[in-house]
Amino acid sequence: RRIEFKCTDSMFFSTFDGEWKVTEQTSVTGEPESLLSYVVDVKPNGPVPVAALEWRIREDVPTNLRAVKKAAVEVGMAGVQSARTPRRLPPPTN
């Protein structure tokens, strides 16, 4: 499962795109577990120290995770299924 994101408008970044990915795996004890990974491609508008970018991203991860959870709960399975189903236009009326 994957959630991709793309920055559409930012005064701080020309690029801030990436993805959250959940991979199901088996733990060392044989129990099922989920691995969550986060990949981001960042290009600031102007010079910024790498350490400052890394700190900001690290600080924002918990907030971003809460927002992803909130959206998932609000949308729920019905929203996911709706997004997967191709939308059909109603027949034209004459």
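These exercises, each with a worked solution, walk you through the structure shown above.

The model is predicted, so local features need pLDDT of at least 70 and side-chain atom pairs count only at pLDDT 80 or more, while totals for chains, interfaces and linings use all residues. Residues are numbered from 1 along each chain as its sequence is written, and side-chain values use heavy atoms, with hydrogens and water left out.

**Exercise 1. The elements**

Task: Find which elements the protein chain has, and in what order they run from the N terminus on.

Solution:
- Step 1. Count the elements: the protein chain has one helix and three strands. Helices (H or I, at least four residues) and strands (E, at least two) are DSSP runs, numbered from the N terminus.
- Step 2. Put them in order: from the N terminus on, they run β-β-β-α.
- Step 3. Look at burial: of the 94 residues in the protein chain, 11% are buried. Buried means under 20% relative accessible area, exposed over 50%, and partly exposed in between, using a 1.4 Å probe and protein chains only.

**Exercise 2. The sheet**

Task: Work out how the three strands are ordered in the open sheet, and which are the edge strands.

Solution:
- Step 1. Recall the general idea: strands of a sheet pair through backbone hydrogen bonds, either parallel or antiparallel. Here, two strands pair if DSSP finds at least two bridges between them.
- Step 2. Take strand 1 with strand 2 (residues 13–26): four bridges hold this antiparallel pairing. Within it, Phe 5 has Gly 18 of strand 2 as its bridge partner.
- Step 3. Take strand 2 with strand 3: they run antiparallel and are joined by 13 bridges. These two strands form a hairpin with five residues between them, and Gly 30 in the turn has a positive phi of about 90°.
- Step 4. Put the pairs together: the order in the open sheet is 1-2-3, with antiparallel pairing. Strand 1 (2–5) and strand 3 are the edge strands, since each pairs on one side only. From one strand to the next, the twist averages 10°.

**Exercise 3. The salt bridges around Arg 2**

Task: Find which residues are joined with Arg 2 into one network of salt bridges.

Solution:
- Step 1. Start from the principle: side chains of opposite charge can pair when their charged atoms come close. A salt bridge here is a side-chain nitrogen of Lys or Arg within 4 Å of a carboxyl oxygen of Asp or Glu. The whole structure has four of them.
- Step 2. Try one partner: Arg 2 forms a salt bridge with Glu 4, and their closest N and O atoms are 3.5 Å apart. Glu 4 is exposed, because its relative accessible area is 57%. Arg 2 is exposed too, at 53%.
- Step 3. Try another partner: Arg 2 also forms a salt bridge with Glu 19, with the closest N and O atoms 3.7 Å apart. This pair links distant parts of the chain, with Arg 2 in strand 1 and Glu 19 in strand 2, 17 residues apart. Glu 19 counts as buried, because its relative accessibility is 17%.
- Step 4. Compare with another salt bridge: the side chains of Lys 6 and Asp 17 meet at 3.0 Å, N to O. Lys 6 lies in the loop between strand 1 and strand 2, and Asp 17 in strand 2, eleven residues apart. Lys 6 counts as exposed at 62% relative accessibility, whereas Asp 17 is buried at 18%.
- Step 5. Join the shared partners: Arg 2, Glu 4 and Glu 19 make one network.

**Exercise 4. The aromatic rings**

Task: Explain why the pair of Phe 13 and Phe 16 is tilted.

Solution:
- Step 1. Learn the rule: rings of Phe, Tyr and Trp (its six-membered ring) pair if their centres lie within 6.5 Å; planes under 30 degrees apart count as stacked, over 60 as edge-to-face and the rest as tilted.
- Step 2. Survey the structure: there are four aromatic pairs. One of them is Phe 5 with Phe 16, tilted, with 6.3 Å centre to centre and 35° between the planes.
- Step 3. Apply the rule: the ring centres of Phe 13 and Phe 16 are 5.0 Å apart and their planes lie at 55°, so this pair is tilted.
- Step 4. Widen the view: ring pairs link Phe 5, Phe 13, Phe 16, Trp 20 and Tyr 38 into a cluster.

Key. Axes fitted to C-alpha atoms, helices over the stretch in contact; angles between N-to-C directions.
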